[in-house]
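Subject: Structure handover

Hello,

Here is the structure I promised to pass on to you. Have a look at it first, and then read on for what turned up in it.

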Amino acid sequence: MSDTQTVSVPGRIMAAEMAEQPAVLQRILDEGAPKIREVAAEIAARNPRFVLLTARGTSDNAALYAKYLIEILLGKPAGLTSMSTTTAYGATPDLTDCLVITVSQSGGSPDLVASTKAAREAGAITLAVTNNAASPLAEVSEFHIDVLAGPEKALPATKTYTAELLALYLLIEGLRGGDGSAAKELPALAAGILARQAEVKALAERYRFAQRLVITSRGYGYPTAREAALKLMETTYIPASPFSGADLLHGPLAMVDNVSPVIAIVPDGKGGEALQPVLDRLRGRGADLVVIGQQAQVDAASAGFALPAGVPEEVQTILEILPLQLLAYEVTIARGQDPDAPRALAKVTETH
């Protein structure tokens, strides 16, 4: 096959970048972890009283994962910022003793840079988590963590997302004096999941002609539901609505019927236990329920993808998204579209 033909294969770049994820995760554990521990130790010594997380798009879902980690593992209040309060409205909050973590693959979006600069001027400890150490965001932040994912050329973010998740987990482990050992098996487990692409390809046939999707989870799985919905929408163009299981019961459940495709991410732990009543209600409504979770949960659903057992719940998020990235890719290919270059999107989104 000529170089020209190779370049024209739809999804070639996204497929290659998804396949890199085990190596990226291993690189973070081997090369990135010492620097992350150093940054965490410096920040912990200053004892921030609360944490604000700033991000957009895929990185916003990584930030939401960090919010769960901070509140559960650190016991500190954490929130997601509304950047327009400073960039559009000119608000000047007092951020003394606050840790502001800005997550961005490129580190180039003007509103992220401006809000981080404003936070630092307002007294915050500022940390940028990016895939670009030379970015404007890294430059205006007091601290920086490089997620070491390497160049990402496909428009849908895959390897940078899982790299952000692992870097944030190691950071928060460092802030509480933990050793991050729960993550050590992730590269091998990720490789095992990605090797099962044929299972996902078969699953993708369910959604080739779907008109809409509902995706739900709870706890650490909720960021995965949001990221899966984003990946499916930006690649397949199928409207996908992500809901916390608790929120799904507060009204949106009414739109689910016996032809409604629902994907449930069921963590093995407290998040999955909290989601169980929602799964029961969905089955009672006859929903076409596909589960990403443990084998027993998959067996009780219409179909699904079983995840490895025995993984600590706080790092399952890094594995849960992998079959859903593959699903977005396979559905897009089945629909005759190119997941490398979704229409109307740019790799760096310059919001203000």
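Before we start, one term: two residues are in contact when heavy atoms of theirs lie within 4.5 Å. Please also keep in mind that this is a predicted model.

With that in hand, let us begin with a pair of helices, α4 and α11. In that sense of contact, Gly57, Thr58, Asp60, Asn61, Leu64, Tyr65 and Tyr68 of α4 meet Tyr222, Pro223, Arg226, Glu227, Leu230 and Lys231 of α11. Sorted by kind, the residues of this contact are six nonpolar, three polar and four charged. The axes of α4 and α11 are 9 Å apart, and the packing angle is about 175°. Angles over 145 degrees count as roughly antiparallel, and α4 and α11 are therefore roughly antiparallel to each other.

Tyr68 comes up again among the aromatic rings. There are two aromatic pairs in the count. In one pair, the ring centres of Tyr68 and Tyr220 are 6.2 Å apart and the planes are at 50°, so this pair is tilted. Tyr68 sits in helix α4 (residues 57–74) and Tyr220 in the loop between β6 and α11; with these positions 152 residues apart, the pair links distant parts of the chain.

Next, the sheets.

One is an open sheet of five strands with parallel pairing, in the order β2-β1-β3-β4-β5. Its edge strands, β2 (78–80) and β5 (143–146), each pair on one side only. On average, neighbouring strands in this sheet are turned by 20° against each other, direction ignored. Inside the sheet, five bridges pair strand β1 (residues 50–54) with strand β3 (residues 98–104) in the parallel sense. If you want a spot to click on, Val51 has Leu99 in β3 as its bridge partner.

Which strands does α4 lie across? They are β1, β2 and β3, and α4 runs at about 165° to β2. Helix α8 (residues 159–175) packs on the sheet too, where it touches β3, β4 (125–130) and β5, and its direction makes about 160° with that of β3.

The other open sheet has five strands in the order β7-β6-β8-β9-β10, and here too the pairing is parallel. Why is one side of β7 (240–244) and of β10 (303–306) left without a neighbour in the sheet? Both stand at the edges and have a single partner strand each, so one side of each stays free of a neighbour there. From one strand to the next, the twist averages 15°. Strand β9 (residues 288–293) runs parallel to β10, joined to it by four bridges. Here Val291 has Gly304 in β10 as its bridge partner.

Helix α11 (residues 222–236) lies across β6 (213–217), β7 and β8 (261–265), and it runs at about 160° to β6. So far, then, α11 has appeared both against α4 and across strands of this sheet.

A further neighbour of α11 is α15. The axes of α11 and α15 come within 9 Å and cross at roughly 15°. Angles under 35 degrees count as roughly parallel, and α11 and α15 are therefore roughly parallel to each other. The crossing of α11 past α15 is right-handed. On the α11 side the contact is made by Thr224, Glu227, Ala228, Lys231, Leu232, Thr235 and Thr236, and on the α15 side by Thr317, Glu320, Ile321, Leu324, Ala328, Val331 and Thr332. These residues divide into six nonpolar, five polar and three charged.

Finally, α15 also meets α10. Helix α10 (residues 197–204) and helix α15 (residues 313–334) have axes that come within 9 Å and cross at roughly 55°. That angle makes α10 oblique to α15. As for handedness, α10 passes α15 in a right-handed crossing. In α10 the residues involved are Gln197, Val200, Lys201, Leu203 and Ala204, which meet Pro323, Leu326, Leu327, Tyr329, Glu330 and Val331 in α15. The contact of α10 with α15 divides into eight nonpolar, one polar and two charged residues.

Happy exploring, and best wishes!

Definitions and conventions: Residues are numbered from 1 along each chain as its sequence is written. This is a predicted model: local features need pLDDT of at least 70, side-chain atom pairs count only at pLDDT 80 or more; totals for chains, interfaces and linings use all residues. Side-chain values use heavy atoms; hydrogens and water are left out. Axes are lines fitted to C-alpha atoms, for helices over the stretch in contact, and angles run from 0 to 180 degrees between N-to-C directions. Helices (H or I, at least four residues) and strands (E, at least two) are DSSP runs, numbered from the N terminus. Angles under 35 degrees count as roughly parallel, over 145 as roughly antiparallel, 65 to 115 as roughly perpendicular and the rest as oblique. A crossing is left-handed if the near helix is turned anticlockwise from the far one by less than a right angle, and right-handed if clockwise. Ala, Val, Leu, Ile, Met, Phe, Trp, Tyr, Cys and Pro count as nonpolar, Asp, Glu, Lys and Arg as charged, and the others, Gly among them, as polar. Two strands pair if DSSP finds at least two bridges between them. Rings of Phe, Tyr and Trp (its six-membered ring) pair if their centres lie within 6.5 Å; planes under 30 degrees apart count as stacked, over 60 as edge-to-face and the rest as tilted.
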